[in-house]
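Okay, thanks for coming, everyone. I'll put the model up and then walk you through how it is put together.

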Amino acid sequence: MKPRRISFSPLVLCLLVLVAGVSSGCSKQTPSEASAEIKPAATTNAPLATPAVTPLTDSGSAAPKPDINGNRVMQYVKEIVAFGGRPPGSPAHAKLEQYIHSKLKGVDVENDTFTAKTPVGTFPMNNIIAKFPGKKDGIIVVAGHYDTVYHLKNFVGANDGGSSTALLLALGDQFRGKTLDGYSVWLVWTDGEEAFVKWTDTDSVYGTRHLAQKWQRDGTAKKIKAFILIDMIGDADLDIQQETNSTPWLSELVYQAATNLGYQSHFYQYKAPIEDDHMPLLKIGVPAVDIIDLDYGYNNVFWHTPQDTVDKLSPQSLAISGDVVLETIRLVNAR
Ligand SMILES: [Zn+2]
């Protein structure tokens, strides 16, 4: 994904210093263009009005409180990272596709295969879609990318690529073998999210651009009630931004879900516009939200580096993200 502006940690530090009443030169620094428009929410408008908290029991369902097993998700991350870097066209990518399929035995799985033209040649790509039927007419999509960056050496993408792939597998474990009370849930492992050379509209999100076109053509788009994207959700220091391209009501529902579960301190301390796999869906009118923590290590230093390794993640963060996704699904169903 691509942040329009990054590097907000120094501004946060400035804010803390200013709040403490200490004179500091840091507010005089010229922020880079990249960081210019990231402002801590507390100094702008509050991210959200205090949301009306929906008690867990009010939808009439006896759904248990979400309880994703973070250790299990972490185990999946480790197994995924063991394949090495997983860019499209690589042997590790093919192995990961097989691995994902091996975890979806007995599930209705669609492979959305296509060939993508990139600035460095054509690549086979495959969005993997696991469909879990529900009683209500409509679909909630939970998506995350499983490819890793093409052009980085020694990159294994534990958080960027690994965490989303793993959490989707754990969500599949939750849904397998049941008819869901609410809308159908489709889990989508998206391919080709990463740019091959440099992030542009045409060199990024190959998989979801292809899916959005296809879903618009075949009428699926109209049935999608919510497209919930997860990306980089395993950071031990979990700090999900309020991604400002996202559909407002759905973004607020995610915050409400986090609040219902007592996890709101990990959500929406900062606002940021981030381009990611949800953009093609937004463009065709599908409500979409990006649940992303693009503050990975101090000043995002682990992002797209060989330091994106399993030791930076925690089972707790993976569980919190998973639980919030499940609670968000419940809230979309209760709408
Ligand atoms: Zn990335």
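Before I start pointing at things, one term: I'll call a residue buried if 20 or more other C-beta atoms lie within 10 Å of its own. And keep in mind that this is a predicted model.

With that in hand, look at strand β10, residues 288-292. It is mostly covered, with five of its five residues buried. Ala-288, Asp-290 and Ile-292 point one way, while Val-289 and Ile-291 point the other, and all of them are buried. That fits the usual pattern, since in a regular strand the side chains alternate between the two faces of the sheet.

So who sits beside β10? That's strand β6, residues 224-231, and the two pair in the parallel sense over five bridges. If you want a spot to zoom in on, Ile-230 stands opposite Ile-291 of β10.

Now zoom out to the sheet. Six strands make up an open sheet with mixed pairing, and the order is β2-β3-β5-β4-β6-β10. The edges are β2 and β10; each has a single partner strand, so one side of each is left without a neighbour in the sheet. On average, neighbouring strands are turned by 20° against each other, ignoring direction.

Within that sheet, strand β4, residues 134-145, runs parallel to β5, and nine bridges join them. One pair to find there: Ile-139 has Ser-184 in β5 as its bridge partner.

Next, the helices that pack on the sheet. Helix α4, residues 158-175, touches β3, β4, β5 and β6, and its direction makes about 155° with that of β4. Helix α7, residues 248-260, touches β6 and β10, with its direction at about 40° to that of β10.

α7 has a helix partner too. Its axis and that of helix α9, residues 315-334, come within 8 Å and cross at roughly 115°, and the crossing is right-handed. On the α7 side, the residues that meet α9 are Leu-253, Val-254, Gln-256, Ala-257, Ala-258 and Asn-260; on the α9 side they are Val-324, Glu-327, Thr-328, Leu-331 and Val-332.

Let's move to helix α5, residues 206-218. At 1.5 Å a residue, its 13 residues should span 18 Å, and the end C-alpha atoms are 19 Å apart, which agrees. Its buried residues are Tyr-206, Gly-207, Thr-208, Arg-209, His-210, Leu-211, Ala-212 and Trp-215. What covers them? The list includes strands β2, β3 and β5, along with helices α6 and α8. Just after α5 comes Gly-219, with a positive phi of about 90°.

Okay, the core. Which residues touch the most other members of the largest nonpolar core? Out of 82 residues, those are Val-73, Ile-140, Val-141, Val-142, Phe-227 and Ile-228. Take Val-73: leaving aside neighbours within four places in sequence, Val-73 is in contact with Ile-68, Ala-166, Leu-167, Ala-170, Pro-315, Leu-318, Ala-319 and Gly-322. Apart from that core lies another one, of five residues, including Phe-123, Met-125, Tyr-206 and Met-279. You've met Tyr-206 already, among the buried residues of α5.

Last, the overall numbers. The protein has nine helices and 10 strands. Buried residues make up 47% of its 335 residues. And of the contacts between residues at least 6 apart in sequence, 81% join residues at least 24 apart.

That's my tour, so over to you.

How values were computed:
Residues are numbered from 1 along each chain as its sequence is written. This is a predicted model: local features need pLDDT of at least 70, side-chain atom pairs count only at pLDDT 80 or more; totals for chains, interfaces and linings use all residues. A nonpolar core is a set of buried Ala, Val, Leu, Ile, Met, Phe, Trp, Tyr and Cys residues joined through C-beta atoms within 7 Å. A residue is buried if 20 or more other C-beta atoms lie within 10 Å of its own, exposed if 12 or fewer, and partly exposed in between; C-beta atoms are placed from the backbone. Two residues are in contact if their C-beta atoms, placed from the backbone, lie within 7 Å. Helices (H or I, at least four residues) and strands (E, at least two) are DSSP runs, numbered from the N terminus. Two strands pair if DSSP finds at least two bridges between them. The expected span of a helix is 1.5 Å times one less than its number of residues. Axes are lines fitted to C-alpha atoms, for helices over the stretch in contact, and angles run from 0 to 180 degrees between N-to-C directions. A crossing is left-handed if the near helix is turned anticlockwise from the far one by less than a right angle, and right-handed if clockwise.
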